[in-house]
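Take a look at the model below and turn it around a few times. We'll walk through some strands and helices together, one neighbourhood at a time.

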Amino acid sequence: MTMPTRRRALQLLVACLALPRAASAGSAAPPRIAAIDWTGAEALLALGVSPCGVSDTSYYRERMREPALPPDVTDIGPFWEVNMELLAELRLDLILAATSNLISMPALRTIATVHLVPETVPPEGRYALGGTILRDVAALVGRETEGAAVIEAADRTLSRHAVALRNSERRPVFVLLPNANGRNAVVYGVRSLPDAVLARLGFANAFAGRTNAAGVATIGVETLIRHPDASILMVDIPSARRRVESAIARSALWQALEPVRAGRMGFVEGFYPFGGVPSALRLAESLVRQLTRSA
Amino acid sequence: MTTVAQGARIRPALGWLVLLVAVTLGLCWQGLDKTLPADRWLQALFHPNESDPAELLFRQSALPRLVMSLLAGGAFGVAGSVFQHLFRNPLADPSLLGVASGAQLALTLALLHAPGAFAFGPEPVAWAGAAAALGLVFLSASRQGFSPSGLVLSGLLVNLYLGAVAGLLVLFNHDFLTDLLLWQAGSLTQSGWSGPLTVATRLTLFAAFLTALHRPMHLLELGDASSRALGLGVSGLRGFLLVAASLLVASVIGSTGLIGFVGLAAPHVGRALGVGRRAYDPKGAALIGALLLALVDQVARELSALVGEIPTGSVVAVLAGPLLLVLLSRLPRERTPPASAATARINGSPACSLGALVAIFLAVLAVALCAARMRSGWSIDLTTQWPLIRDWRLPRVFAAAGAGASLGLAGLLLQRITRNPLASPELLGVSQGAGLGLILAMLLVPSPGTATVLAFTSAGGLAALLFVLRLGWRRDRDPSLALLAGVAVGGIASGVTTFFLASGDPRVAILLSWFSGSIGRVEGAGAMALVLCTAVGLGLMLTQHRNIDALAIGKTVSASIAFPHTSVTIAGLVLSAVLTAAATITVGPLSFVGLMAPHIVRLMGFRVAFAASLAVALVGASLLVVADWVGRNASYPWPISAGLLTTFLGGPLMLAMMLKRAR
């Protein structure tokens with residue numbers, strides 16, 4: 001089997017990715033930035049810039065392990081209502097936010113310059129948006145070269161993943177989050193991160209139906225029945241996993257699904273669906289693990 | 001004979017009933033036929049071919065879903081009928097006694113912290129939650145001998161309380177947002193027969209109880225005193241049936257999630273269509289409930305083909321609302337809701353003086369402005385921190401005070417006008433309308449600014465309001481109808497909202513936070529405008545205090561002493577609507593204050609409108625300022641929304657006062 005060596009190769013690639021930003025960290029006096037938008041925070045960290053405040057830091061650390069958030073970053077409250085007094089106390093130069101943050105807290109503009117992180121998904125998909133975000137944030141903090149390096153390294157990593165997967169069966173893949181009663185699922189469709197990463201890996205997204213602005217749709221299990229040739233990958237939420245598994249085991253409909261019967265069903269690690277390039281890389285790794293397993 | 005006369009009255013409605021049945025059956029047939037051609041149905045049922053996907057869908061998905069919609073609708077309908085009969089209140093709903101919120105909270109808690117509790121499915125968890133909520137309601141209502149208004153109030157209180165806790169849990173666990181929200185939205189999708197089977201057995205059992213208790217139930221129509229005189233144990237019967245109906249509802253929503261409105265709408269629709277000739281007709285309500293939910297579910301299924309899966313619960317709310325509105329005009333005139341103590345006694349001196357309330361308010365204001373947690377810890381520094389306080393803390397505190405006062409005043413007016421202890425600002429549909437406006441702003445405008453958001457929320461709130469006032473204002477100008485119309489309009493708006501919430505959009509949390517009523521985003525100008533608006537409203541009420549007091553004498557007497565009852569009522573409704581809109585647009589919907597502040601003031605002993613208006617403004621303002629202060633500091637830097645906190649702070653206070661007075 002080639003699997004162990006493949007895994008080691010992946011680890012090496014990740015290490016390569018981490019290298020340029022470690023080298024460039026701490027060059028000039030950094031601007032004081034707070035990131036309400038996690039994608040913005042992720043981009044900053046990937047560029048080697050540490051923000052002084054991020055929304056909901058403990059959940060960020062849990063959810064976005066890599067690149068890690070330094071321990072001294074201040075928690076500025078949840079993204080739906082950050083603490084304005086605290087932000088004012090931080091004497092910020094810049095706030096990275098999403099449009100919706102400004103809707104809920106228009107007064108942000110009186111605290112510091114608000115930079116809106118790009119969020120319109122281009123026709124090329126969500127991965128391209130990740131690149132745009134990274135370049136955008138890099139230009140903001142004057143780290144264009146680092147930004148380009150990060151994107152280039154990520155592109156290389158994804159291409160190698162695709163090459164490594166070229167011998168496996170190219171079945172369409174559902175990436176979904178089943179409801180705890182097993183009757184509905186949130187499925188990732190066009191314009192979602194899984195869709196973009198699957199495309200990069202050379203796989204088709206089995207769900208091509210209508211989605212909302214966030215690229216997801218809620219479907220009943222019966223939708224899955226129309227795609228007997230697909231594989232099903234479920235997002236793993238540890239505390240809900242047992243319920244999901246027992247609901248699926250008890251449901252005649254689930255058990256009749258061809259992918260379930262053929263064992264083409266697995267769990268992928270939880271990912272941040274609205275993330276940029278670093279999130280895409282993490283998702284790619286866990287997808288690759290599952291796709292090589294089920295192939 | 002009466003049948004002849006009734007037959008003549010019923011005939012046009014019968015046409016509607018036939019149409020309802022025909023449309024429902026047609027849609028069901030079409031839906032099933034699309035899954036599997038009709039000529040293969042029998043074969044699929046009796047000689048199933050396990051590997052044929054179309055047959056599988058027919059047998060394990062489409063058919064159970066249809067059956068589930070009929071059963072769940074029947075269960076909601078019959079429970080709603082029983083509730084409305086027992087409470088003698090046309091606004092009574094199976095979720096009224098905390099059943100739905102209790103079940104919801106238990107399921108949420110179990111999902112987040114004890115997944116093992118689901119070993120036997122969601123039903124026992126939902127039951128436990130519903131039973132606990134019911135126990136709380138009964139505990140507080142028992143001292144009033146389970147009188148309808150006492151029960152309704154206690155139920156409302158517990159509902160708000162549990163809803164607030166569940167809201168917090170949802171907000172703090174975004175990983176589960178879609179799951180929890182989808183459950184809240186109510187979905188009838190099935191993947192097998194376990195759901196329909198569960199509901200079927202529970203419904204059969206309940207129907208058996210109800211049949212056995214047929215005679216005593218009808219006796220209740222005579223009123224408590226007469227029933228008692230005839231030897232009926234009124235409290236026992238009421239208590240038993242309420243528990244049974246609540247458990248039935250908990251079973252259904254444990255399986256489908258929250259589907260509101262059917263229980264409220266079915267008895268009314270049934271009566272309007274002439275299915276039930278009497279006010280109390282559980283069979284008719286069950287039939288209509290089943291038909292309604294099946295129809296709505298089929299419509300949801302048809303729509304799903306166009307825009308992606310739509311939770312049935314939100315379609316129920318959107319469709320049942322207009323249906324209820326149309327049928328309001330056909331509704332036989334309801335008994336006037338029981339006159340509450342709010343209007344029963346006007347004399348009597350207050351237990352605490354207005355001066356004391358002013359002092360409390362000022363003290364609260366001072367603490368809220370000076371003391372706060374900051375980056376370095378607690379700070380009571382007014383001088384060096386002044387710029388921060390001026391720019392950020394002052395507008396917040398003012399907005400809190402303004403919103404609390406205006407909602408309190410609006411609630412006081414509404415309760416006086418309608419003489420219904422349930423009357424509260426959010427029943428006018430303003431909050432939901434404004435929320436709908438906010439969603440539209442987020443969906444339609446790429447990056448809406450403050451002015452856009454304000455314009456959309458104001459327009460939404462006012463549109464809902466005008467609609468309610470216009471529709472509720474027909475037929476004998478009964479103010480309760482305005483409230484019922486408000487419930488319907490609010491339902492429509494919240495249906496759309498829930499759909500948006502359950503769609504998995506990342507902006508959901510922002511909307512949720514707005515809906516929980518949060519003051520953190522207020523700007524100086526908005527706060528000032530709100531305070532100004534409140535001051536004008538209070539001034540109006542103080543100058544018109546005699547007219548407000550005179551509302552209590554009722555319409556019939558008013559005419560004989562030339563008191564302009566109708567104009568005063570209209571003016572009062574408009575004023576309360578404007579006050580509600582002002583508060584809602586600035587800080588989001590805060591349901592508890594408008595409902596409870598007038599009750600607290602009444603329990604304190606303020607009866608005369610002049611003193612009561614001042615007191616309610618002070619109590620409302622103090623409540624909200626305290627809530628905002630606690631919310632800012634309790635889990636710094638995280639906010640806990642003031643709307644949730646007023647429920648925590650005011651709830652126990654209210655409960656204690658109710659118990660004390662009832663003794």
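How many bridges join strand E1 of chain A to strand E4 of chain A? There are three, and the two strands, residues 33-35 for E1 and residues 94-97 for E4, run parallel. Keep in mind as you read that this is a predicted model.

Let's zoom in on that pair. A:Ile33 sits opposite A:Leu94 in E4(A), and A:Ala34 has A:Ile95 as its bridge partner in E4(A). Helix H2 of chain A (residues 38-46) packs on the sheet here, where it touches E1, E2 (53-54) and E4 of chain A. The direction of H2 makes about 130 degrees with that of E1(A).

Now step back to the whole sheet. It is an open one with five strands of chain A, in the order E3-E2-E1-E4-E5, and the pairing is parallel. Which strands stand at the edges? They are E3 (74-75) and E5 (113-116) of chain A; each has a single partner strand, so one side of each has no neighbour in the sheet.

E4(A) also pairs with E5(A), again in the parallel sense, this time over four bridges. In that pairing A:Ile95 stands opposite A:Val114 in E5(A). To get from E4(A) to E5(A), the chain passes through helix H5 of chain A (residues 99-104), and this β-α-β crossover is right-handed. As for the side chains of E4(A), A:Leu94 and A:Leu96 point one way, A:Ile95 and A:Ala97 point the other way, and all of them are buried.

Further along chain A there's another strand to look at, E7 (residues 184-188). Five of its five residues are buried, so E7(A) is largely enclosed by the rest of the structure. Both faces are covered: A:Asn184, A:Val186 and A:Tyr188 lie on one side, with A:Ala185 and A:Val187 on the other. E7(A) pairs in the antiparallel sense with E6 (residues 173-178) of chain A over three bridges, and also antiparallel with E8 (residues 216-220) of chain A over five bridges.

Here are some of the facing residues we've come across, plus two from around E7(A):

| Residue | Stands opposite or is bridged to | Strand of the partner |
|---|---|---|
| A:Ile33 | A:Leu94 | E4(A) |
| A:Ala34 | A:Ile95 | E4(A) |
| A:Ile95 | A:Val114 | E5(A) |
| A:Pro178 | A:Ala185 | E7(A) |
| A:Val187 | A:Ala217 | E8(A) |

What about chain A as a whole? It has 13 helices and ten strands, and 61% of its 295 residues count as buried. Among contacts in chain A with a separation of 6 or more, 63% come from residues 24 or more positions apart. Chain A exposes about 11700 Å², with carbon and sulfur atoms supplying 54% of that.

Over to chain B. Helix H27 (residues 609-633) of chain B has 25 residues, which at 1.5 Å a residue should span 36 Å; its end C-alpha atoms are 36 Å apart, so that agrees. Of those 25 residues 20 are buried, so H27(B) is largely enclosed by the rest of the structure.

One last stop: B:Thr584, which lies in helix H25 (residues 565-587) of chain B. Is B:Thr584 buried or exposed? It counts as buried, because its relative accessibility is 2% and the cut-off is under 20%. Setting aside neighbours within four places in sequence, B:Thr584 is in contact with B:Val430, B:Ser431, B:Ala434, B:Trp514 and B:Pro589.

Definitions and conventions
Residues numbered from 1 in each chain as written. Chains lettered and ligands numbered in written order. Predicted model: local features only at pLDDT ≥ 70, side-chain atom pairs only at ≥ 80, totals over all residues. Heavy atoms only, no water. Pairing = 2+ DSSP bridges. Contact = heavy atoms within 4.5 Å. Axes fitted to C-alpha atoms, helices over the stretch in contact; angles between N-to-C directions. Buried < 20%, exposed > 50% of the residue type's maximum accessible area, 1.4 Å probe, protein only. Expected span 1.5 Å × (residues − 1). Right-handed = clockwise from strand over helix to strand, strands pointing away. Areas by Shrake-Rupley, 256 points an atom, 1.4 Å probe, with all protein chains shown as cover.
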